[in-house]
Amino acid sequence: MSDDLQRVPLSVLDLAVVPEGATGAQAVRAAVDLAVDLDRLGYHRVWYAEHHLSPGVGSAAPAVLAAAVAARTERIRVGSGAVLLSTTSPLVAAEQFGTIAALHPGRVDLGLGRAFTPPPQREGDAVAPAAVPAPERPRVGARVVDGLYVPAAPPFDASDSVQRERLLAQKRVVGASRTPAAFRDELELVLGLRAGTYAEADGTRHVSPPVEGAAFDLWVLASSAGESARVAGELGLPIAANFHVSPATTLDTIAAYRAAFRPGVLAEPYVVVSADVLVADTVERARELATPFTDWVLSIRRGASGAVAYPRPGDAVPWEARDAGERALVADRVDTRVVGDPATVVARLETLQRVTGADELLVTTATHDPADARRSFALLADAWRRPVSPTPTAGAVPVLVP
């Protein structure tokens, strides 16, 4: 690690994980209690995701969680990672977060993201792969980039019938009938309403009192080098790149954003990179706590109901007992999860920061026992404040923890 490396701020993405045997209400209360800890520990911001109808995720209403946490904390920024424009209009999202910002000015982030939903299938139609576009992914295998392990993209089939039906069923229950406009138009609507200049093509002007002049920052979340990254750059907005969800595409996402960047809301690019992290007092303990993660990710990518309630460590299927298909489907996330004692985790996060050029790291931690997650965040905060690690041996590869 170069001597001039300065560690960037640390932030948290909280999914309000629902452990096996617990309830959603307990997970939400635990999330708010955790935020109080994060505020005290010095984390820069805490964001809440939007996931619907997933048994293992309690974060479904990021604006509500952000408001509750803002009222319980003093310094930490609060926001969304992200409000999904497939279910919520940009106007409603901006009014929600503008209202929070009126009460907590200068502490609020509105993160917006696009979500893929397959088109409805007409009765009698065959499911053609061309009708369900696959996620944009680089056509490369696993590689090491300046010490950072970048996995191959998983063999995820976007036309898989189980996944397709789950997404369509969720859309029916959620009632998301809106058809999003072009992503740039959605973002410009928020920016125009905040500036008090928004007008439709025919000249009709619109004003939203909670949004006009609102003291929130607008963010874009992206998992590929596609439209989200490009538009964020063109509008000069900050971006959060999802290494914890799509590690195979993160470097391409960041490169596309930087290439498209033009001064706008920001004068210079600002990149947050997410990472799945689990810290314990020893490497052995961290690995033990990490064992349910594979089952959890597998349920997200293959299960008919989405993320299951987070399993207990003792109930997890050992990695070596899994078939090759299961391993291939989840290896990218398992191998890039940053697991270990404080020194191990900090060294790998330093590598992630250096290789991606991140201005900030966004960590997310899933455990069965909320106390283990709180301990992980405390250990990481303490270790991150210590002096920067010495330069590693050239070509060193991060230790993988399958």
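Is Arg-285 buried, partly exposed or exposed? In this predicted model, Arg-285 turns out to be partly exposed, with a relative accessible area of 35%. That puts Arg-285 in the middle class, because the class runs between the 20% limit for buried and the 50% limit for exposed. Arg-285 also has a charged partner: a salt bridge joins Arg-285 to Asp-372, and the closest N and O atoms of the two are 4.0 Å apart. This pair ties together distant parts of the chain, since Asp-372 belongs to helix α12 (residues 370-384) and Arg-285 to helix α8 (residues 283-290), with their positions 87 residues apart. The partner's surroundings can be put into numbers too: Asp-372 has 18% relative accessibility and counts as buried, because buried means under 20%.

Salt bridges come up again elsewhere in the model. A search of the whole structure turns up 24 of them. Some share partners, and in this way Arg-45, Arg-77, Asp-109, Asp-217 and Glu-360 are joined into one network.

Glu-234 is a good residue to follow next. The side chain of Glu-234 meets that of Arg-184 in a salt bridge, at 2.9 Å from N to O. Here again distant parts of the chain are linked: Arg-184 sits in helix α5 and Glu-234 in helix α6 (residues 227-234), 50 residues apart. Glu-234 also forms a salt bridge with Arg-230, where the closest N and O atoms are 3.2 Å apart. This time both residues lie in helix α6, four residues apart, which is about one turn of the helix. As for how much of each residue can be reached from outside, Arg-184 has a relative accessible area of 31% and is partly exposed. Glu-234 counts as partly exposed at 28%, and Arg-230 is partly exposed at 37%.

Helix α5 also takes part in a helix pair. Two packed helices are described by the angle between their axes and the distance between the axes. For helix α3 (residues 90-103) and helix α5 (residues 183-195), the axes come within 9 Å and cross at roughly 40°. The two helices are therefore oblique to each other, because an angle under 35 degrees would be needed to call them roughly parallel. The crossing of α3 past α5 is right-handed.

Helix α4 (residues 161-174) offers a look at two residues in one element. Val-173 lies in this helix and is exposed, with a relative accessible area of 60%. Together with Leu-53 and Val-174, Val-173 forms a nonpolar patch on the surface, and the three share about 260 Å² of accessible area. Arg-164 also lies in helix α4, but Arg-164 is buried, with a relative accessible area of 7%. The C-alpha atom of Arg-164 is 9.3 Å from that of Ala-304, although these residues are 140 residues apart along the chain.

The loops hold some details of their own. In the loop between β1 (10-14) and α1 (24-41) sits Ala-16, a residue whose phi is near 50°, a positive value in a residue other than glycine. Ala-16 counts as buried, at 2% relative accessibility. Gly-21 is found in the loop between β1 and α1 as well, but Gly-21 counts as exposed, at 72% relative accessibility. The C-alpha atoms of Gly-21 and Arg-312 are separated by 9.2 Å, with the two residues 291 residues apart along the chain.

Positive phi shows up at Asp-146 too, where the angle is near 50° in a residue other than glycine. Asp-146 is found in the loop between β6 (143-145) and β7 (148-150). At 52% relative accessibility, Asp-146 counts as exposed, because the limit for that class is over 50%. Finally, there is a backbone detail at Ala-82, a residue in the loop between β3 (77-80) and β4 (83-84). The peptide bond from Gly-81 to Ala-82 is cis, with omega near 10°.

How values were computed:
Residues numbered from 1 in each chain as written. Predicted model: local features only at pLDDT ≥ 70, side-chain atom pairs only at ≥ 80, totals over all residues. Heavy atoms only, no water. Patch = residues over 30% accessible without salt bridge, like charges linked within 9 Å, V, L, I, M, F, W, Y side chains within 5 Å. Areas by Shrake-Rupley, 256 points an atom, 1.4 Å probe, with all protein chains shown as cover. Buried < 20%, exposed > 50% of the residue type's maximum accessible area, 1.4 Å probe, protein only. Axes fitted to C-alpha atoms, helices over the stretch in contact; angles between N-to-C directions. Parallel < 35°, antiparallel > 145°, perpendicular 65-115°, else oblique. Left-handed = near helix turned anticlockwise from the far one by under 90°.
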